[in-house]
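This report looks at how several helices pack against one another and at where a handful of individual residues sit. Please keep the sequence and the structure open while reading.

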Amino acid sequence: MDETLSPTPTAPAADTPEHRESPRRVAVASFIGNTIELYDFFIYGMAAALVLDDVFFPNLSPLNATLASFSTYAVAFLARPIGSIVFGHFGDRVGRKSVLVTSLLLMGLSTALVGLLPGYATLGSWAPLLLVTLRFLQGIGIGGEWGGAVLLAVEHAPRGRRGLYAAFPQLGPPVGFSAATGVFWLVSASLDEAAFASWGWRIPFLLSFLLVAVGLVVRLKISETPVFARSVAERAASRAPLMELLRCHPRELLLGAGSMAVVYALFYTSMTYGLSYTTTTLGVPRETMLALSLVACLFLAAGIWFSATRSDTAGRRRLVLSGGGLAAVWSLLLFPLLDTGRPVLMALALGGALFCLGVTSGPMGAYLPELFPARVRYSGASLAYNLGGVLGGAVSPLVVPRLQSGFGSASVGWYVCGMAVVSLLCVRALPETRERELG
């Protein structure tokens, strides 16, 4: 992306009455694009839980193969802050829209190529190396996605309704996860075990070619945000957003990152590791767990919508604190309920965990952007969101399997509870933001 490209000829038009974009149309476009990218991201987690250990690490013991598979899952969380720095720089310099088109292409194509990648039996040690490379590129792409998607919605939204409009891109994770789960469920139910392990698992990845085309059509039709257009017109864009962010807003950055830790830890533990744990350790049929995961996503969507829309009147901070408190308690119930092996109680375990997660994350689409001024908003919101992913999403895959193996499933719940306490302390140190002007 050439930094010399300027949005000046077209961006200011987005803020004139005759060219102003419908906030609802932008919110829907942000939802569609974010859903597609999150579908791409989540199908890797599904595959890591179900099949990647056998395809790419067949020479390792079962525990070490699982750890290796989940380690490749964690690689993307380490790459996400890099993506947020790169895309955040251009998002604050060149514009939100063009950056989102680039992130969609990178994310979608690297995902689709996983579906074409030969396994260890064909390429030997090159297979896991290439898998890690593609997963790293996925992380770079998703690192620039969330910040741009929520900024499109929030910076177009009328004051007093930013939580409502930010709820649309925030619904991308549950819908994207539902789509990923649904596709894997259909493929798994339609094929026998040998066919699924041989080639069936590749189908969800290859569908990304089609989804990228859909996402590009949607994103190319929307306009730049009026907030960024004004910044360009007033020549107020930062020349070095990252340096300005670190110099002027380190507190908001670090506390914002800490507030996101429980979101990632709880999602990974319940939906990715939980899928692996129940199908391998407990022997629950794969189709059963995928179906229960789909039900749980309804609770996630409900929690996000309730919390995000309510935050316009009750405040972002209050809702996030409530969700974090619920998550701390429910994390201790998660594995005892899963260990029963009873589908109703397992559905309750997953649904309750994702509802808590939804209440915590719902207001974040407005809360994190409101913490930062327009000059560094893309960089600040994206980097805070993705640094939280390192703490909650990259560390958990390395810690949780070892905790369960060495100390039992209850220890995993205490780990997630500890992450919730960290997030609660960070949110307590942040201010309320719903009355702030976006600039």
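## Terms and basis

A residue is called buried when its relative accessible area is under 20%, exposed when that area is over 50%, and partly exposed in between, with a 1.4 Å probe and protein chains only. The model is a predicted one, in which local features need pLDDT of at least 70 and side-chain atom pairs count only at pLDDT 80 or more, while totals for chains, interfaces and linings use all residues. Residues are numbered from 1 along each chain as its sequence is written, and side-chain values use heavy atoms, with hydrogens and water left out.

Helices (H or I, at least four residues) and strands (E, at least two) are DSSP runs numbered from the N terminus, and contact means heavy atoms within 4.5 Å.

## Helix α15 against α20

Two packed helices are described by the angle between their axes and the distance between the axes. The axes are lines fitted to C-alpha atoms, for helices over the stretch in contact, and the angles run from 0 to 180 degrees between N-to-C directions. Helix α15 (residues 250-281) packs against helix α20 (residues 377-394) at about 45°, and their axes are 6 Å apart. The two helices are therefore oblique to each other, on a scale where angles under 35 degrees count as roughly parallel, over 145 as roughly antiparallel, 65 to 115 as roughly perpendicular and the rest as oblique. The crossing of α15 and α20 is right-handed, meaning that the near helix is turned clockwise from the far one by less than a right angle, whereas an anticlockwise turn would make a crossing left-handed.

On the α15 side the contact includes L253, G256, A257 and M260, and on the α20 side the residues met include G380, L383, A384 and Y385. By class, this contact of α15 with α20 has 11 nonpolar, seven polar and no charged residues, where Ala, Val, Leu, Ile, Met, Phe, Trp, Tyr, Cys and Pro count as nonpolar, Asp, Glu, Lys and Arg as charged, and the others, Gly among them, as polar.

## Helix α21 and its two partners

Helix α15 also packs against α21, at an angle of about 45° and with the axes 11 Å apart. That angle makes α15 oblique to α21, and α15 passes α21 in a right-handed crossing. In α15, the residues A265, Y268, T269, Y273, Y277 and T281 meet S396, P397, V400, P401 and Q404 in α21. The residues of this contact between α15 and α21 divide into seven nonpolar, four polar and no charged.

The axes of α21 and α22 come within 6 Å and cross at roughly 145°. Here S396, V399, V400, L403, Q404 and F407 in α21 meet S409, S411, V412 and Y415 in α22. The contact of α21 with α22 divides into six nonpolar, four polar and no charged residues.

## Helix α22 and what covers it

The expected span of a helix is 1.5 Å times one less than its number of residues. For the 20 residues of α22 (residues 409-428) this should give 28 Å, and the end C-alpha atoms are 30 Å apart, which agrees.

Among the buried residues of α22 are S409, S411, V412, Y415, M419 and C426. The cover over the buried residues of α22 includes α15, α17 (316-338), α19 (364-370), α20 and α21 (396-407).

## Individual residues in other helices

Two alanines lie in helix α3 (residues 62-93), namely A68 and A76. A68 is buried, with a relative accessible area of 17%, and, not counting residues up to four places away in sequence, A68 touches F57 and L60. A76 counts as buried at 0% relative accessibility and, with neighbours within four places in sequence left aside, is in contact with F41, R135 and G139. A76 and A394 are 318 residues apart in sequence, yet 7.8 Å apart in space, C-alpha to C-alpha.

S188, in helix α9 (residues 172-190), is buried with a relative accessible area of 1%, and its contacts, leaving aside neighbours within four places in sequence, are F196, R286, E287 and L290. A308, in helix α16 (residues 286-314), counts as buried at 0% relative accessibility and touches G163, L164, A167, G362 and P363, not counting residues up to four places away in sequence. L105, in helix α4 (residues 96-114), counts as partly exposed at 34% relative accessibility and, with residues up to four places away in sequence not counted, touches V212 and L216.
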